[in-house]
Structure formats: structure tokens, C-alpha cells
Amino acid sequence: MSPAPQPSGITQGLTLLIDPHWSPEQALAVVELLYDLRARIWAHNELALQARLRDDRTTALDINGVDAPPF
């Protein structure tokens, strides 16, 4: 069985194993930890992250002021 695809698109690297027997409380604790970590990283790097996300999502059509074709 192959691992589920990652949201980041990364297909190589270390496999992260999660114990299938975690209690709901344990799983929630990890989710809350990750949420807090994300918030701290965002607070520390907000402007740089916004610029990077904008650059990643800007197309040549956006830059030239041309509207994208409707879908």
C-alpha cells in the first residue's frame, strides 16, 4: 500500500508513522500542537510568507493586467 499524497506535493523523504491506536484525546493534542506551531510560524514570518504565497500564486496574466478567461 502506498502512502497518501502529501498536501505539499513532496513525494520523497522520511516516512512519518502515526500510531493507529491513538486515542481521540492524543490525536487532538497533536492537532492542537500543530495549529499552535503554525500560528507561531505565521506570526514570526507573516510578511515574508505573504510575499512568497503571492509570488507562488501570481501568473503572467495577473502581472500584465489581463483578465483570465472565464471557466
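**Close-up views of a bent helix and its surroundings**

**View 1. One salt bridge, between Asp56 and Arg52.** Counting a Lys or Arg side-chain nitrogen within 4 Å of an Asp or Glu carboxyl oxygen, we arrive at 1 salt bridge. Please keep in mind that this is a predicted model. The partners here are Asp56 and Arg52, whose closest N and O atoms lie 3.3 Å apart. Both sit in helix α1, and because they are 4 residues apart there, about one helical turn separates them. In general, an α-helix has 3.6 residues a turn, so residues three or four places apart point the same way. How buried or exposed is each partner? Asp56 has a relative accessibility of 53%, so it counts as exposed. Arg52 is exposed too, with a relative accessible area of 53%.

**View 2. Helix α1 bends at Asn45.** Helix α1 covers residues 24–57 and has 34 residues. How far apart are its end C-alpha atoms? They are only 36 Å apart, whereas a straight helix would reach 50 Å at 1.5 Å a residue. The model also shows a bend in α1 of about 85° at Asn45.

**View 3. Leu49 and its contacts.** Staying in helix α1, we come to Leu49. Which residues does Leu49 touch, once neighbours within four places in sequence are left aside? They are Ile41 and Trp42. Leu49 counts as partly exposed, because its relative accessibility is 29%, and the buried class is kept for values under 20%.

**View 4. A nonpolar patch on the surface.** Leu16, Ile18 and Trp22 make up this patch, and together they offer about 340 Å² of accessible area. Ile18 belongs to the segment that comes before α1. Its relative accessibility is 52%, so Ile18 counts as exposed.

**View 5. The whole chain, for context.** Stepping back from the close-ups, the chain contains 2 helices and 0 strands. What share of its 71 residues is buried? The figure is 0%. The accessible surface of the chain amounts to about 7300 Å², and carbon and sulfur atoms account for 62% of that area.

Technical notes:
Residues are numbered from 1 along each chain as its sequence is written. This is a predicted model: local features need pLDDT of at least 70, side-chain atom pairs count only at pLDDT 80 or more; totals for chains, interfaces and linings use all residues. Side-chain values use heavy atoms; hydrogens and water are left out. Patches are made of residues with over 30% relative accessible area and no salt bridge: like charges are joined within 9 Å, nonpolar side chains (Val, Leu, Ile, Met, Phe, Trp, Tyr) within 5 Å. Accessible areas come from the Shrake-Rupley method with a 1.4 Å probe; for residues, only the protein chains shown count as cover. Buried means under 20% relative accessible area, exposed over 50%, partly exposed in between (1.4 Å probe, protein chains only). The expected span of a helix is 1.5 Å times one less than its number of residues. The bend at a residue is the angle between axes fitted to the seven residues ending there and the seven starting there. Contact means heavy atoms within 4.5 Å.
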